[in-house]
Amino acid sequence: MRKPLLVTAAASLAAIGVASSQDATMSFFVTSVGSGKGADLGGLAGADGHCGSLAEAAGITGKTWRAYLSTSDTDARDRIGKGPWFNAKGVKIADDIASLHSDANAITKQTALDEKGEVVNGRGDKPNRHDVLTGSNPDGTKIADQTCGDWTLGGAEGAAMTGHHDRMGLDDSAAAKSWNSSHASRGGCSQEALRSTGGDGLFYCFAVN
């Protein structure tokens, strides 16, 4: 009679361990590559699909991914679930929406990893890729006319608000250190324009479940 009970207890502990492990699997990353068309991501649907494809290629399945991007009628903060979120190394980025948009988040160059768990080039690296597309204010709400036509423009027109994943800029201002709202792109929404200020058309992805 005792042996089955022991087996059941062991199985329960194993299940708990598996659940804990799953809870800390990757649920946040910076895309390793963009669309290749500047800020033309194919709209939110295209950006979300890009997040999902990169995650699947990295071996993370069974999650619903959303790009951290605002549009003319959508706030990025409302797209990404409730948290908590972890990077590819299991490091917690934030517990919830409030902590993500506060000084309590753990986003740095060392933690804002891509889907493969690799560090993304920042200020001082060649090439610098720290401008991450967001179209958002510091609180995660939309900024008018800074979403590159709701992520459908990839030419000389339009502009996109970007953040610095490495929390570094030209000075020590709050904007320079902002992960999601540092400065707008200059010269349009093309790949060349984004690269000219230290970007590459990358963006943040969060798992909503």
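This briefing covers the overall make-up of the protein, then one helix, one loop residue and the aromatic rings.

The model is predicted. Its mean pLDDT is 91, and 89% of the residues reach 70 or more. Over residues 1-23, however, the pLDDT is below 50. That stretch has two contacts in the model beyond near neighbours in sequence.

**Overall make-up**

- The protein has five helices and eight strands.
- Along the sequence, these elements follow the pattern α-β-α-β-β-β-α-β-α-β-β-α-β.
- Of the 209 residues in the protein, 47% are buried.
- The accessible surface comes to about 9,900 Å². Carbon and sulfur atoms hold 54% of that surface.
- Among contacts with a separation of 6 or more, 68% join residues 24 or more positions apart.

**Helix H2**

- Helix H2 covers residues 43-57, which makes 15 residues.
- At 1.5 Å a residue, H2 should span 21 Å. The C-alpha atoms at its ends are 21 Å apart, so the model agrees with the expected span.
- The buried residues of H2 are Gly43, Leu44, Ala47, Asp48, His50, Cys51, Leu54 and Ala55.
- An α-helix has 3.6 residues a turn, so residues three or four places apart point the same way.
- Several elements help to cover the buried residues of H2, including strand S1 (28-30) and strand S2. Helix H4 (148-151) and strand S8 (199-207) are also among them.
- Just after H2 comes Gly59, with a positive phi of about 95°.

**Ser72 and its partners**

- Ser72 sits in the loop between strand S2 (65-67) and strand S3 (85-86).
- Ser72 has a relative accessible area of 53%. Exposed means over 50%, so Ser72 counts as exposed.
- Leaving aside residues up to four places away in sequence, Ser72 touches Lys142 and Asp150.
- Ser72 and Lys142 are 70 residues apart along the chain. Their C-alpha atoms are separated by 6.8 Å.
- The side chains of Ser72 and Asp150 are joined by a polar contact of 2.8 Å.
- Asp150 falls within helix H4 (148-151), one of the elements covering the buried residues of H2.

**Aromatic rings**

- The structure holds eight aromatic pairs.
- One aromatic cluster is formed by Phe28, Tyr68, Trp85, Trp179, Tyr204 and Phe206.
- Phe28 lies in strand S1 (28-30), while Tyr204 and Phe206 lie in strand S8 (199-207).
- Trp85 belongs to strand S3 (85-86).

Technical notes
Residues numbered from 1 in each chain as written. Predicted model: local features only at pLDDT ≥ 70, side-chain atom pairs only at ≥ 80, totals over all residues. Heavy atoms only, no water. Phe/Tyr/Trp six-rings, centres within 6.5 Å; stacked < 30°, edge-to-face > 60°. Helix = DSSP H or I, 4+ residues; strand = E, 2+ residues; numbered from the N terminus. Buried < 20%, exposed > 50% of the residue type's maximum accessible area, 1.4 Å probe, protein only. Contact = heavy atoms within 4.5 Å. Areas by Shrake-Rupley, 256 points an atom, 1.4 Å probe, with all protein chains shown as cover. Polar contact = N/O pair within 3.5 Å; in protein donor to acceptor, adjacent residues only side chain to side chain. pLDDT = per-residue confidence, 0-100. Expected span 1.5 Å × (residues − 1).
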